[in-house]
Amino acid sequence: MSVDTSKVASSNGTTAASTSAPTKAGAAAAWADERLGLAAVGKKNLRKIFPDHWSFMLGEIALWSFVVLLISGVFLTLWFKPSMGELTYQGSYPPLRGIQMSEAYASALHISFDVRGGLLMRQVHHWAAMLFIAGMMVHLLRVFFTGAHRKPRELNWVIGSLLLILGTIEGFTGYSLPDDLLSGTGIRSMNGFVQSIPIVGTYVDFLLFGGEFPGDSIIPRLYTVHVLLIPGILLALIAAHMLLLVYHKHTQWPGPGREETNVVGYPMLPNYISKMTGFFFTVFGVTALMGGLLSLNPVWKFGPYDPTKVTAGSQPDWYMGWPDGALRLMPGWESHFWGSTWSWNIFLPVIVMPGVLFTIVLLLPFIESWITGDKREHHLLQRPRNAPTRTATMVALMTLYAMFWMAGGNDLIAIKLHASINQISYALRALVFVAPVIAFIITRRWCIALQRHDNETLLHGYETGIILRSPEGSYAEKHLPLPEESAFTLTVRDRGADEVGPDDEPKPGGKKTLRSRIRTLYYEDDAQKPTLEELEEAHEHAEHEAHALAALEGHQADGHQFDDHYHEAGEEPLRGGH
Amino acid sequence: MSSDLTSPEAAHDGHELNAHTDALLPNPGLEEHHWRPTDVDPKAEKRAERQVATFFALSAICTVLFVLSYILVKGGPDGPVWLGWGASNLALGVTLGGALLFIGIGVIQWARKLMTDVELVEVRHPAASSESDRAATVAALKSALEESGIGRRPLLRNSLIGSIALLGVPAIVVLKDLGPTNHDVEQTQPYAGAGLEHTVWSRGMRVVRDVVGTPIRPSDLEIGDLVNAEPELIFGKRDGEEVDEDELLEGAPLQVAKSKAATVLLRMDPDDIVSDVTRNWSVEGIVAYSKICTHVGCPISLNERTTHHLLCPCHQSTFDLADAGKVIFGPAGRHLPQLPLGVDEDGFLVALSDYPEPVGPSYWERNTYSVEDVFKGWAKSNAQAAEEYGYKEGGQ
């Protein structure tokens, strides 16, 4: 296929490239290719096509935030001292002078006050971390809501989920490092969490802390985890994530000319490389502005960690809020058997529950294809409304997350609303169970209503907003058929469960299998797209109507009397004969 | 081109893209491409070029300003303040942000306005390899297995698997020296109050104020007063005298001691005390409890004066100090341990013993008894000795 570039901005050059006398750049490329054989890879990938849609940018936010984290993180390591050795602060921040603190905290103060741009980089690092995790979460939602997790991309979904949980742990280890009062409170809570693990909890805790809490080992150990172990794994997983993306080629929305078997969009070089580069600078620039304008984690205000102190309103970073909320809502259940203690009140909400929920998220693509029986490859995205149960499931999970997250701020809500913290907590205990169910039902019905609306517009056209009165005196709204492209786009979807995948044979007794029953529920009440007959019938009907209204065509009674589209003066009046 | 695209099996022997999300209507084909103003109007093109170059120039200006701010604007606590912001951080952040952002905007603008915007079509191939590739790979694997003899020599295979699996054991064993276990520190007592069962409190140790370390007389407290307290040893003293070097707590042992020994004192009307145990261990209505929450170990500090309730700011567990520290709200599973109080011959508050039960969060090996049983156990071994500091049942 040839591209008509005749009119593209002349700065792009108007003649096709041709072999010409070797240039210096050409010679360099030849030198490299003779050693690396890059041309074969380049031929395939330099003009690789990427489809365009704003929602495909969300994952990129996470990617570039990670790069910003690497850059700003390396800067911070030049001054940060991961040591719990104690010293008396004699630095430039007067309120803390003469106070005993760890070297870690003193070096965090040094970075904040004495290294020019140090505070900026600390804040850039912290903001980028929040953006990194937020970007991953929103990207995850986009992928799931549009069905981009289906075959052949299930493994990339698994990698993405691992990135999310590792990113979260990376965030926790990071904000624990400055050894200020707030971060120390977080570490102390972690000590309690680990101790709650049955049988091995105390051992793991003592090995982790190098003895009793707080000891003098936890900060250096978390530092190694934070700057080496997890970033290494993150880098490897991100590389795998991107490689699979390139191999599968990006999904695209259905539309005219867009099919399962092709990918329509702009080439990697020059468009995507430029846009991605531009977007990297944008993300870095935005985090730099945030670091300059929005104060974050002012460790000097919290003071050094002291195990006898705590501040009211102690909150973890936002992405740790939901397990903290679960911890707050859990009733104080603790069992004692044969001289041992089972701390359900801690173990269940912060160790078991996040693990279980994370596993569910990791397995979502496999659960879905088990239910639907869909074993086909998918490269066209689905609108969320066209998979009502899937969409409702994710909204229910989001609602559950939101309830836990709110519970993580129950003290702040109580203060702001002047409400009783006890009642807020009791209400949230119920809402954690009830709200996801309500959200599921509403979302599912909402999706089905939108599906029906799509069918309406397909069959009867879109609403023009023009009310016509017939000679008999009845009123009707004028509908016009959808443009060809939009109508086609609406009809690119499966019809019913049987088109997606096979159902189970009934069991010998004639009873349906569990999967079969779940599958029936999964598809229940889905509004299928119209059949060809329905479509033809509707079009026939529309022609009739058009015929009936033809008398009014070009007539003044086309509805424009009521807007400002009167073309000429002296035309016939609304009423009255002609 | 469309006929080629819809029959990929031509290229891929039998492995085809099999999602047949069928459309009801015929595919109208790619939308017509529309020329942008910058494609057809040389003026618009020149204007776009100038815009992009302006963004790059703005970035360069910001970079220069960044370097100037770095040199000229003083940072730190005594640096200048602009509009409530620390000047150095503000200037560096805004100029760095501008320097990066303007490049980003410029490049994206270039891509959008001036680079070719014709959408291209690429054929998609199935993720799976072709049947022949698959067959060749399977054959290669088979002959490799064959040649290695791994299937034919179960003795070699199984002993190899066994010996590699056994290597997992040293991987775990070498973690042992990450730290002493609770059992180790309980046995060896490398510092005062080592292990989860103990704190540095001991019989006759003065209860002193947090931060300043001054001892407390019962008469120093009004009804309703809450005092954050520590054992005197934290401040390197015993009965007001400096302790010997070998008893002095420093570094990690000091932090460990603080993390377990922190205590709150509350003076209430003795008639408000509900629990007999609480009364037994009180002095003139003054009760002492562990400040370390039994949930996950935050120091508890929010006192509700009218109710004698103590609230943990981390997860809102609430304890009733008039009633043996029992949990009245929140996720904590156990009451707050109470420190038995007495008075020494100088009239200062002292502990009658260490905490009668482990303080802080629960752990697997922890045994749990009711408040009454804890008291009985304590009374059996401590009551007589504690009389030295004025202990008597029903409080002092």
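This passage describes the domains of chain B, the nonpolar cores, the contact between chains A and B, and a sheet built from both chains, all in a predicted model.

In this predicted model, local features require a pLDDT of at least 70 and side-chain atom pairs count only at pLDDT 80 or more, whereas totals for chains, interfaces and linings use all residues. Residues are numbered from 1 along each chain as its sequence is written, and chains are lettered from A, with ligands numbered from 1, in the order in which they are written.

Chain B is divided into domain 1 (31-122), domain 2 (131-173) and domain 3 (196-389), the bounds being taken from an automatic or database domain assignment. The centres of domain 2 and domain 3 of chain B, taken over C-alpha atoms, are separated by 62 Å.

The largest nonpolar core comprises 175 residues, and A:F132 and B:L341 have the most contacts inside it. Such a core is a set of buried Ala, Val, Leu, Ile, Met, Phe, Trp, Tyr and Cys residues joined through C-beta atoms within 7 Å, where a buried residue has 20 or more other C-beta atoms within 10 Å of its own, an exposed one has 12 or fewer, a partly exposed one lies in between, and C-beta atoms are placed from the backbone. At least three residues of this core come from each of domain 1 (31-122) and domain 3 (196-389) of chain B. A second, separate core has five residues, among them A:I49, A:F50, A:V263 and A:V264.

The contact between the chains takes 116 residues from chain A and 99 from chain B, two residues being in contact if their C-beta atoms, placed from the backbone, lie within 7 Å. On the side of chain B that touches chain A, α4(B) provides the largest share, 17 residues; helices (H or I, at least four residues) and strands (E, at least two) are DSSP runs numbered from the N terminus.

An open sheet is formed by three strands in the order β1(A)-β4(A)-β3(B), with antiparallel pairing; strands pair if DSSP finds at least two bridges between them. Because β1 (49-50) of chain A and β3 of chain B stand at the edges, each with a single partner strand, one side of each is left without a neighbour in the sheet. Strand β4 (residues 262-267) of chain A pairs with β3(B) over four bridges, with A:N262 opposite B:V123 and A:V264 having B:V121 as its bridge partner.
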